[in-house]
Amino acid sequence: MAIRNIIQVGDEILRKKSKTVKEFDEKLWQLLDDMRETMIKNDGCGLAAVQVGILRRAIVLDVNHMKIELINPEILETIGESIEREGCLSVKGESGFVKRPSEVTIKAYDRYGNEFILTCVDMLARAICHEVDHLDGILYIDKIEKNYKEKKDK
Ligand code: CO
């Protein structure tokens, strides 16, 4: 495994649309392993391949100790909405409030090419939406709720 360089906002590649993964081979597994190591090293909870300069529809996530890999993910259904703070390893040192669905159902493939369907809520749903956006060249900073004020504790 190897730590890869995380591309920062301003680089045009982050705005490009990633391509469908067709080969579920050792090259893909190496990429996923490197992405996970890179994400952990940078204290992230999600990383899309484009963030290490590879325009393929591949994502790694580590949310609430759930390690997930999503290849060619497709959002099938979303329910509700929630506004929470989020950040991105490609926009270092910043964060902002973004509206996301509170529940999301996706179809994706694992690293061996097996299709699965997953329904998730809260943080994981948010992280998945954030990473799927990356595959389409969208960054969370495009979606920040500029006038949103954080709710105070009751
Ligand atoms: Co991000």
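Mentor: Let's begin with a word we will need: a residue is buried when its relative accessible area is under 20%, exposed when it is over 50%, and partly exposed in between. Keep in mind that this is a predicted model.

Trainee: Why is Arg-57 called buried or exposed here?

Mentor: Arg-57 has 11% relative accessibility. Buried means under 20%, so Arg-57 counts as buried.

Trainee: What makes Asp-136 and Arg-57 a salt bridge?

Mentor: The closest N and O atoms of the two residues are 3.0 Å apart. The cut-off is within 4 Å, between a side-chain nitrogen of Lys or Arg and a carboxyl oxygen of Asp or Glu, so the pair qualifies. The two residues are 79 residues apart, with Asp-136 in the segment after helix 2 and Arg-57 in the loop between strand 1 (46-48) and strand 2. Asp-136 itself is partly exposed, because its relative accessible area is 30%.

Trainee: How many salt bridges does the structure hold?

Mentor: There are 12 salt bridges. Another one joins Arg-100 and Glu-86, at 2.7 Å from N to O. Arg-100 sits in strand 5 (residues 91-100) and Glu-86 in strand 4 (residues 82-88), so this pair ties together parts that are 14 residues apart in sequence.

Trainee: Which residues are linked with that pair in a network of salt bridges?

Mentor: Glu-86 and Arg-100 share the network with Arg-126, Asp-133 and Lys-143. Asp-133 and Lys-143 form a salt bridge, with 2.7 Å between the closest N and O atoms.

Trainee: How do you know whether Asp-133 and Lys-143 are buried or exposed?

Mentor: Set each value against the cut-offs. Asp-133 has a relative accessible area of 11%, so Asp-133 is buried. Lys-143 has 32% relative accessibility, so Lys-143 counts as partly exposed.

Trainee: Why is Cys-120 not bonded to Cys-129?

Mentor: A disulfide is a covalent bond between the sulfur atoms of two cysteines. The sulfurs must be within 2.5 Å. The closest cysteine sulfur to that of Cys-120 is in Cys-129, 8.3 Å away, so it is too far for a bond. By this rule the structure has zero disulfides.

Trainee: What makes the phi of His-65 worth a look?

Mentor: Most residues other than glycine have a negative phi. His-65 has a positive phi, near 65°. This residue is found in the loop between strand 2 (58-63) and strand 3 (66-79). With a relative accessible area of 77%, His-65 is over the 50% cut-off, so it is exposed.

Definitions and conventions:
Residues numbered from 1 in each chain as written. Predicted model: local features only at pLDDT ≥ 70, side-chain atom pairs only at ≥ 80, totals over all residues. Heavy atoms only, no water. Helix = DSSP H or I, 4+ residues; strand = E, 2+ residues; numbered from the N terminus. Buried < 20%, exposed > 50% of the residue type's maximum accessible area, 1.4 Å probe, protein only.
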